Each structure stands twice: as structure tokens, then as C-alpha cells.
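Trainee: I should like to learn how to read a structure feature by feature. May we begin with the exposure of a single residue and then proceed to larger elements?

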Amino acid sequence: MPAPSLKLVILGRDGILNEYREDHVKGPEEWVTIKGSLEAVARLNHAGWHVVLATNQAGIGRGMIDMVSVNAVHAHMQRQLAALGGRFDAVFFCPHTPEEQCDCRKPLPGLLLEVGRRYGVDLKSVPMAGDTVRDLVAARAAGCEPHLILSGRAAALDDEQLHHTLHQVPGARAHASLSAFVDYVLQRDRSQPQEAAAGDRS
């Protein structure tokens, strides 16, 4: 079992790492990286963070994507990130359609809870970033820190809609990009040892 101090971040996939498609990403040729997203993940890795993906993939349940295609997309994604010196530890995905009423499809927390069980971590210390209120609700329900990345589907939100979205999930924060989210995580991580040391001296 991993050490309790394991530093873990959970990310959504579509709209966070790659451009969101209404018709689903059905092969590597349709997986178009959002500028700077993989570089941001690599920065987390280089700072000692483990990164896993938690993604709804209803296209599988609808028969639009098969597992060979899903695996090919994720292998392509891993190769691109590896070229930057990074890696995804794992990809957790829900293959079900909404009609199947599973407990692993976000906004339900099953997928994130499985990540916590697999890694043996307290999800209260785990930031989860996505691009929909569904991601935020799932994060909150699982006990993760909810973060909204203003890319993908969230890029279209105006100020009023953004305020409404964040208001639905107490504690949620918004970030202009995945890179800005990583800046936040790394800056906070750097400041914590200093705060602990200051507390020791008091």
C-alpha cells in the first residue's frame, strides 16, 4: 500500500487534457491536446505528484467506442506525456450510459472512491479538477477538493454562470487553465513545509 503521504491529483480527461467532442473521442487521431495541458501534468510529476484520470466514457456503453479504441487513445496520450518526462499513473473510466444508473458515473462519486481505495489515500488531501459542475459535485461527494478548469465545456461560462456553478459546490475554486491549477497546487505545496516549520517555532 502506498505511503499516506502520497501526493495525488485526479483530473478529468475530455475538456481538461484534450478538446471536448460531443461525438466522443473515438481514436488517437481525434485526441487533440489542449495547449499546455500535458506540460502542466509533467510539471506535477516532476514535483513528485502522481496524476490519475477519472473520466466518464459513455461512448463505450453506447457502442460508439470499443475497448481497443479506448486503449489506443490512452496509449497515444501516455506517449505524448512521456515525451515531456511525465506519466499518468492510471486511467479510471466509467463505461456506462446515464440510463444504466451506475454508481461510478460522475456526478456520483464511485469512480473517485475507487481511486482512493486503490491508492490507499485520504481523499480530503486530493485535489480533483474537471470542467463541469458534474465533476465538482462528484469531487465534493467523494471528499476531494473540487476545482473547475475554465477550459472545455467551462470555457463558455460567463461570469454569472461561473458564479452559479461554483456556488452549487461549497469550497470549489476556478482556474483559468490546467496550468494555472498546477501553479496553485505547487505553490501551496511549497508553502506548507514553511508553515509547518513556523508552527514548530511558535
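Mentor: We may. A residue is called buried under 20% relative accessible area, exposed over 50%, and partly exposed in between. Please keep in mind that this is a predicted model.

Trainee: How should Ala-47 be classed: buried, partly exposed or exposed?

Mentor: Ala-47 has 33% relative accessibility, and therefore counts as partly exposed. Its place is in the loop between H1 and E2.

Trainee: Which residues does Ala-47 touch, leaving aside those up to four places away in sequence?

Mentor: Ala-47 touches Lys-7 and Leu-186. Distance along the chain and distance in space should be read separately: Ala-47 and Asp-189 are 142 residues apart in sequence, yet their C-alpha atoms are 9.4 Å apart in space.

Trainee: Let us turn to the sheet. In what order do its strands lie?

Mentor: The open sheet has 6 strands, ordered E3-E2-E1-E4-E5-E6, with parallel pairing. E3 and strand E6 (173-175) are the edge strands, each pairing on one side only. On average, neighbouring strands are turned by 25 degrees against each other, direction ignored.

Trainee: What are the partners of E1 within this sheet?

Mentor: In the strand order, E1 stands between E2 and E4. With E2, E1 pairs in the parallel sense over 4 bridges, and Val-9 stands opposite Val-51 in E2. Strand E1 (residues 8-11) also pairs in the parallel sense with strand E4 (residues 127-130), over 2 bridges. There, Ile-10 has Met-128 as its bridge partner, and Leu-11 has Ala-129.

Trainee: Are the faces of E1 covered or exposed?

Mentor: Both faces are covered: Leu-8 and Ile-10 on one side, and Val-9 and Leu-11 on the other, are all buried. Together, E1, H1 and E2 make a right-handed β-α-β unit.

Trainee: How is the length of a helix to be checked, for example that of H3?

Mentor: One compares an expected span with the distance between the end C-alpha atoms. At 1.5 Å a residue, the 16 residues of helix H3 (residues 67-82) should span 22 Å, and the end C-alpha atoms are 22 Å apart, which agrees.

Trainee: Which residues of H3 are buried?

Mentor: They are Val-70, Val-73, His-74, His-76, Met-77 and Leu-81. These residues cover an arc of only 155 degrees around the axis, so they lie on the same side of H3. On the other side of H3, Val-68 and Arg-79 are exposed.

Trainee: What do the buried residues of H3 pack against?

Mentor: They pack against helix H1 (37-46), strand E2 (50-56), helix H2 (58-61) and strand E3 (90-94).

Notes:
Residues numbered from 1 in each chain as written. Predicted model: local features only at pLDDT ≥ 70, side-chain atom pairs only at ≥ 80, totals over all residues. Heavy atoms only, no water. Expected span 1.5 Å × (residues − 1). Buried < 20%, exposed > 50% of the residue type's maximum accessible area, 1.4 Å probe, protein only. Arc of directions from axis to C-beta. Contact = heavy atoms within 4.5 Å. Pairing = 2+ DSSP bridges. Axes fitted to C-alpha atoms, helices over the stretch in contact; angles between N-to-C directions. Right-handed = clockwise from strand over helix to strand, strands pointing away.
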